[in-house]
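Reader: Please take a close look at one pocket and its lining. Then follow the account outward from that part to the elements around it.

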Amino acid sequence: MDPTRLPPGFADQLADFRARAADPATPKVAASTILLRTGATGPEAFLLRRRTQMAFAGGMVVFPGGGVDPRDAAEDIGWAGPAPEVWAERLGLGVDEARAVVCAAVRETFEESGVLLAGPDDGSVVPSTSGEEWAEARRALEAREIAFSALLRDRGLVLRTDLLRAWTCWITPEFEPRRYRTFFFVTASPEGQEAAGVSTESDAAAWLGVDEALAAAGESVMMLPPQYCTFLELAQYGTVAQILAASDRPIPEPIMPGLEPDGSALTLPERYAELNAATAPR
């Protein structure tokens, strides 16, 4: 896959953006979690395919994630792990916004995969999230009928933010009408919990090996540049533990794809072209 190729529909959006001479939309803050496990040939990631009728990235394969809910910033949420002030430094955000982004990453992971990075204390996670009660909790969260902080409080749980690692941040190109500033995190799927997708936003879900995802990208697995480039980065590590260790640092400068002068292709940091060339024979 060529990560600089304009994704389906982007050429029309670009033409419309230029015709209207419009100001770029303000990006909404979002969080996405790369849920990892060890497979037969190395690290695997949990992926969702967005329903084709979705206004943004319809039909694309993505990691669990979504926009920040204002209630994600609640100060009374049960919290374990690095303090919001530490996350603010790692993410380059204010304390309240960092708290909301981290909370959104955990909440969206639960909504879209059923994996819950929370437990009764700072040394454990819930052993299982299967069953009708947890399914109803996921539905209520997705419908915004309840706040995530209330769900945790009612069950005596705290966020295990120590299980998350900040990976990178991508900003949607300026000509896209729906724009996001998405913070990507990595985490190892807790033992005992089973990831299960399919929601109002996705119609398929599966674990896919990193090399397998790269080999299928642009063919049977349709991805946008952030997801593909993330897989290029993950492919540099042989184990989940190595990926988590590599992410023990503040996130790099946010990436916003630009455009070639003639509008024929996206521009990305040069390192992705180098990684893509090195990965091509896989």
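Author: By class, the lining of the second largest pocket consists of 9 nonpolar, 2 polar and 1 charged residues. Here Ala, Val, Leu, Ile, Met, Phe, Trp, Tyr, Cys and Pro count as nonpolar, Asp, Glu, Lys and Arg as charged, and the others, Gly among them, as polar. The model is a predicted one, in which local features need pLDDT of at least 70 and side-chain atom pairs count only at pLDDT 80 or more, while totals for chains, interfaces and linings use all residues. Residues are numbered from 1 along each chain as its sequence is written, and side-chain values use heavy atoms, with hydrogens and water left out.

The pocket has a volume of about 200 Å³. A pocket is an open set of points on a 1 Å grid over the protein atoms alone, where a 1.4 Å probe fits, with protein on both sides within 12 Å along at least five of seven lines; a lining residue has an atom within 4 Å of a point. Points are joined across faces, edges and corners, and the volume is the space filled by probe spheres set on them.

Which residues line the second largest pocket? They are Leu47, Leu48, Arg49, Gly59, Val61, Ala204, Ala205, Ala206, Leu208, Ser220, Val221 and Met222. At least two of the lining residues come from each of strand E2 (42-50) and strand E10 (202-209), and E10 makes the greatest contribution, with 4 residues. Strands (E, at least two residues) and helices (H or I, at least four) are DSSP runs, numbered from the N terminus.

From E2, the path leads back to strand E1 (residues 28-39). A hairpin of 2 linking residues connects E1 to E2, and the two strands run antiparallel, joined by 4 bridges. Two strands pair if DSSP finds at least two bridges between them. In this pairing threonine 38 faces proline 43 of E2. E1 also runs antiparallel to strand E4 (residues 65-67), with 3 bridges, and there alanine 30 lies opposite glycine 67. With E9, by contrast, E1 pairs in the parallel sense over 9 bridges; isoleucine 34 has valine 186 as its bridge partner. Strands of a sheet pair through backbone hydrogen bonds, either parallel or antiparallel.

E9 continues the path to E8, with which it pairs in the antiparallel sense over 6 bridges. Tryptophan 170 is set opposite threonine 182 of E9. Of the 7 residues of E8, 6 are buried, so the strand is largely enclosed by the rest of the structure. Buried means under 20% relative accessible area, exposed over 50%, and partly exposed in between (1.4 Å probe, protein chains only).

Helix H2 (residues 84-91) has Pro84, Trp87, Ala88 and Leu91 buried. These residues cover an arc of only 110° around the axis, which puts them on the same side of H2; the arc is that of the directions from the helix axis to the C-beta atoms. The buried residues of H2 pack against E5, helix H3 (95-113), strand E8 (165-171) and strand E9 (180-188), contact meaning heavy atoms within 4.5 Å. Glycine 92 follows H2 and has a positive phi, near 70°.

The loop between E9 and E10 contains glutamine 193. At 6% relative accessibility, glutamine 193 counts as buried. Residues up to four places away in sequence aside, glutamine 193 touches Gly114, Val115, Leu116, Val125, Val126, Pro127, Ser128 and Thr129.

Beyond E10, alanine 217 sits in the loop between helix H6 (210-216) and helix H7 (225-234). Alanine 217, too, counts as buried, at 5% relative accessibility. Apart from neighbours within four places in sequence, alanine 217 is in contact with Met1, Met223 and Tyr228. Its C-alpha lies 9.3 Å from that of aspartate 2, although the two residues are 215 apart in sequence.

A further loop, between helix H4 (132-142) and helix H5 (148-154), holds arginine 144. Its phi is near 60°, a positive value in a residue other than glycine. Most residues other than glycine have a negative phi. At 32% relative accessibility, arginine 144 counts as partly exposed. In H4 itself, Trp134, Ala137, Arg138, Ala140 and Leu141 are buried. They span an arc of only 165° around the axis, which puts them on the same side of H4, and their cover includes H3 and H5.
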